[in-house]
Every structure is written in structure tokens, then in C-alpha cells.
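These are my notebook entries on one protein structure. I set down what I looked up, in the order in which I looked.

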Amino acid sequence: MSTKTNGSLKSTSSKIPDIKFTKLFINGEFVDAISGKLFETIDPRNGEVVAKIAEGDKEDIDLAVKAARDAFDHGPWPRMSGHARGRLMIKYAELVEEHAEELAALDAIDAGKLFGMGKLIDIPSGASNLRYYAGAADKIHGETLKMSRALQGYTLREPVGVVGHIIPWNFPTSMYFMKVAPSLAAGCTMVVKPAEQTPLSALFYAHLSKLAGIPDGVINVVTGFGPTAGAAIASHMDIDKVSFTGSTEVGRLVMQAAAMSNLKQVSLELGGKSPVMIFDDADVDVAADLALRGICYNKGEICVAGSRVFVQEGIHDAVVQKLAEKAKNWIVGDPFDDNVHQGPQVDKKQFEKILSYIEHGKREGANLLCGGSRHGEKGYFIQPTIFTNVQDDMVIAKEEIFGPVMSLLKFKTIEEAIERANSTKYGLAAGIVTKNIDIANTVSRSIRAGVIWINCYFAFDLDCPYGGYKMSGFGRDLGMEALYKYTNVKSVVTPIYNSPWL
């Protein structure tokens, strides 16, 4: 692996934007937290403070929910035609694209995300999300029912109401729009709590929503911490649904709070320990490339990371050798450098957590193929790390690490691969690498996970629903499934008199 940090912070300083928005966004205005408290957001490249952000608490969530409730119960948004909502969402998308460079820079200094990838993928995908659901907003259909007696029945899909969105730090832009866009299209109003590690772009998106003409109170953004602002959302009596993406442990707390308050609807996208299964007939170079990107993309801070790589014994050694070669050319460094593949982990806490898991792997007897320590002396950079000779009961093979740490495991038969891949509490994603359609069909139908990628990985698409099985959660993002989860189905029935037929 490259030990050279490409580029310098000084050479990229011209790309770093001024921080324009640091206050809470409630009812169309930026306001201070009621407490007046602030918290620091940190640049993971160097550990330095980027800005001080308003720290929202329960009282601020109450104000935001009141604004969202008034906007839902009395405002124009849920009463507009889907076409009218869609037009404003398209304007919102255009504004996002106009500010792509500034937004990508915010996510780079806040989350350590690659600036170039942000401009190329993350920010445009946010705009595309808005356009996709803008087009769907006037296509929310109920059904005409064939009743068994003299009744006419039909269903309506109505907006669920006020939604609380709790967003993770690993994809600040993508996750914001994966939740906000479909709920906007459905006619909901909302309170958004971005992760405390990455508040900057969400506040900018709140500003752009105002410029787009989305009515006051429809989108409210409250920055703050999970145990305070996040907990207030989950337990609020006037929120109708909460959508949470994050750890399984916190997901439990969200469900518990929802149950103990007003039994609000809940959708959860939680942790993963996704298997990538490479079979003997696979192309070694292609397989190794998919496996490496499957764990190192976004520094491994992605819930569907292919952290358990099962390789059939016939090509196991060749794949190991190829992975070692490719890892040497994987460049870690400043996320503003276009030559860099991997930036810093999001913060010191996550950085230290990943390093502790690496030490677990060493102590448990796994063989360290490459990496295994921090990169450089400044910031939260970690070398891409690959362990071989990993056993299923090792900590690194069972627990979600959320970093660039791969566990390589050898298997003999298809049946063994299926059994071991399913031997986890998680069920978010899986990868299959094979040229054999029978293997692909058998394995894809046997793995208990929400999305299966065959001879590809991270193959997300706006029209492809995404979510988990088991302790990876329930509910789906993306596709029309995501739109429907922000609606309630209402049945309407009237009697029919003197009809010649039913």
C-alpha cells in the first residue's frame, strides 16, 4: 500500500468553502439553539475544528415538530397536486447541482469523503433522487377493489404525516436525499437530524430548499447529538414516523422509544457484515478488484461493505496474491487529491475503534496480509487491511467494523459457502462472483439479505429498493418501495344500489 500522502492541505485550500450555515433550520429560518449551546465539527484530515454548530436539544425538536405539524395540518404542501410538488422538487435538484462543488467540499472536510467522488457521484445522486421522486409524486395510486357484495371500494395512499429522519455520517448527502426526497413526494413534512459528525451539508440543503420555494415548515433541520435530539425525535408524541439509518444498537433504542411513545411507524436500515463469495470459475483479477473495492470504498464506512470475503479453495491462493498486489496501489491521502482512493475515517472515535478491531484480529491468530496500522502521523487515516486465515468465530469475522478491514475465508463447496455466509445476525447485502448461472441463481436465492450483487458490487440504482433482513433492519430506501413507506393506505367503501352487476 502506498505510504505517500498525495497532495498537501495547503494546495487544496482554495477548494475549502466558507462555512455559511451553522444554526438550526426551523420553519424556514436559521435560528440559534434555545440553550445557546454549540458543538464543534472536526476536519478528519487533521483533527482541527472546522466550525461551531448550534446544538439542538429536546426543546428545539419540539419547535421543529410544531412547525412540521402546522405545515402538514394547515399548510399547502400535502394539499398540492403531486405535479406541483414535483415542480418544486425539480427546482430543488437544480439548485443542488448548481452548488455541487461547494457541497462536495463540505462533505470532504466534514466526513473525509473524496472531493472528486462527491462531485461525480454523491451530489449528482442527491439531485437525481429528487428528480426521480418528483416524477413519482403524481403517480401515487390507490386501487379499485372488486368487492364480494353490493359495495364499491377503493384505496387511497395518503401521506403518513410528520416524519423524523435520523441520518448517518458516512453518506451525509446520499442519505439525506434517500429519505427527504420520497417523503417530500408523498406530501409529508419532516424534521431531519443529521449526524453530529457531519452537519454541514444538511444545513446547506435546508437553505437550498427555501430557495427552491418549498414552503416553510416542510423541511426542518436540527443539528445535535443522538442521545438528546435523536432521542427526542424517536419518542416524540407528534411525529408519525421515524426513519433511521445507523447502528443496530441504536436502532433498538429507536424502536423502543417509538413503542413507548405513540407507536409511531419505524423504518430501520442498520448494520451489516456482508459476504462476498468468489467461486472457482471466477476471473481472479476481476474478483480481487471487486473484493478490494467492496471493503475500501468510502474507507469501509459503508453498511454494505463486503467485509467477509469467502474464496473457494481452487483459486484462494491466487486471489490472495492478487489482493496483496492491488492493495499496494491503493492510495490513502488527502480527499481533495484526485489521485487518492481513500480519505480519513470520519473522526477520532471511529479511527480508534477500527484500530482496536485490527488488534483483535492479530491477537486471535488471523494472518495480516497487508496494512494493519494508521497511515501517516496526522489525521485519522488507516491503511487498507486484509487478514487471511480468518475463522468464522473470530471477532473480526462477526462484528461490523465499519472500516477498511477485510476478512478472507476459504471454503470448499457451494453448500458450505451458503451456510457460512448466512451464519450472521445481519442480512443487508451480499456479493457473488461466478461465471456459472446455476451457481448465481442458487446462491442468490439462498442468501438471506436484502440485496444481492452478482459480478458487481455497490450497484445501487434509484429504481432498485435497498434494505435489510434480520438485524440489518426493515423498510426499504430507493425505488417506489421507499415512496410507499411514507404513505398510509386508506380504504373507502360505499354501498351500491340498483346496480346491474357487482
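**Entry 1: cysteines**

I began with the meaning of a disulfide, which is a pair of cysteine sulfur atoms within 2.5 Å. I noted also that I was working with a predicted model. How many disulfides does the structure hold? I found zero.

I then asked why Cys 303 has no such bond. The closest cysteine sulfur, in Cys 464, is 14 Å from the sulfur of Cys 303, and a bond is therefore ruled out by distance. I checked the exposure of Cys 303 as well and recorded a relative accessibility of 7%, so this residue counts as buried. Cys 188 is also buried, because its relative accessibility is 0%.

**Entry 2: nonpolar cores**

Next I looked up the largest nonpolar core and found that it has 102 residues. Those with the most contacts inside this core are Tyr 92, Val 96, Tyr 176, Leu 184, Ile 219 and Ile 278. Which helix gives the largest share of this core? I found helix α5, residues 172-186, with nine residues.

I chose Ile 219 for a further look and left aside its neighbours within four places in sequence. Ile 219 is in contact with the aromatic side of the list, Phe 25, Tyr 92 and Tyr 176, and also with Val 180, Leu 184, Met 190, Ser 209 and Ile 214.

Another core lies apart from the largest one and has 29 residues. Among them I listed Phe 351, Ile 358, Ala 397 and Ala 430.

**Entry 3: pockets**

I turned to the open spaces. What is the volume of the largest pocket? I recorded about 1300 Å³. The lining of this pocket has 45 residues, and nearest its centre lie Trp 169, Gln 197, Ser 247, Val 250 and Lys 349.

I then looked up which elements give two or more residues to this lining, and I found β3 (38-43), α7 (226-235), β10 (241-245), α8 (248-260) and α11 (348-363). The largest share comes from α8, with six residues. By class, I noted 23 nonpolar, ten polar and twelve charged residues in the lining of the largest pocket.

The second largest pocket has a volume of about 480 Å³. It is lined by 18 residues, of which Ile 121, Ser 125, Ser 174, Met 178 and Phe 460 are the closest to its centre. Two helices, α4 (115-136) and α5, each supply at least two residues of the lining. Which element gives the most to the lining of this second largest pocket? I found α4, with five residues. The lining of the second largest pocket divides into twelve nonpolar, four polar and two charged residues.

**Entry 4: cavities**

I went on to the enclosed spaces. How many cavities of 30 Å³ or more are found in the whole structure? The search gave six.

The largest cavity holds about 80 Å³ of space. I counted 14 residues in its lining, and the closest to its centre are Ala 305, Ser 307, Glu 400, Ile 401 and Phe 402. This lining comprises seven nonpolar, four polar and three charged residues.

The second largest cavity holds about 60 Å³. Its lining has 16 residues, with Pro 275, Thr 424, Tyr 426, Gly 427 and Ala 429 closest to the centre. Both α13 (414-422) and β17 (426-427) supply at least two residues of this lining. By class, I recorded seven nonpolar, five polar and four charged residues for the second largest cavity.

**Entry 5: positive phi values**

Last, I looked at backbone angles. Most residues other than glycine have a negative phi. I therefore wrote down the exceptions that I had looked up.

Phe 402, which I had met at the largest cavity, has a positive phi of about 60 degrees although it is not a glycine. I placed Phe 402 in the loop between α12 (395-398) and β16 (405-411). Is Phe 402 buried or exposed? Its relative accessibility is 14%, and Phe 402 therefore counts as buried.

Lys 299 also has a positive phi, near 60 degrees, and is a residue other than glycine. Lys 299 lies in the loop between α9 (284-296) and β13 (308-312). I looked up its exposure too: Lys 299 has a relative accessible area of 2% and is buried.

Conventions
Residues numbered from 1 in each chain as written. Predicted model: local features only at pLDDT ≥ 70, side-chain atom pairs only at ≥ 80, totals over all residues. Heavy atoms only, no water. Helix = DSSP H or I, 4+ residues; strand = E, 2+ residues; numbered from the N terminus. Buried < 20%, exposed > 50% of the residue type's maximum accessible area, 1.4 Å probe, protein only. 1 Å grid on protein atoms, 1.4 Å probe; cavity = no way out; pocket = protein on both sides within 12 Å on 5 of 7 lines; lining within 4 Å. Points joined across faces, edges and corners; volume = space filled by probe spheres on them. Nonpolar A, V, L, I, M, F, W, Y, C, P; charged D, E, K, R; others polar. Core = buried A, V, L, I, M, F, W, Y, C linked by side-chain atoms within 4.5 Å. Contact = heavy atoms within 4.5 Å.
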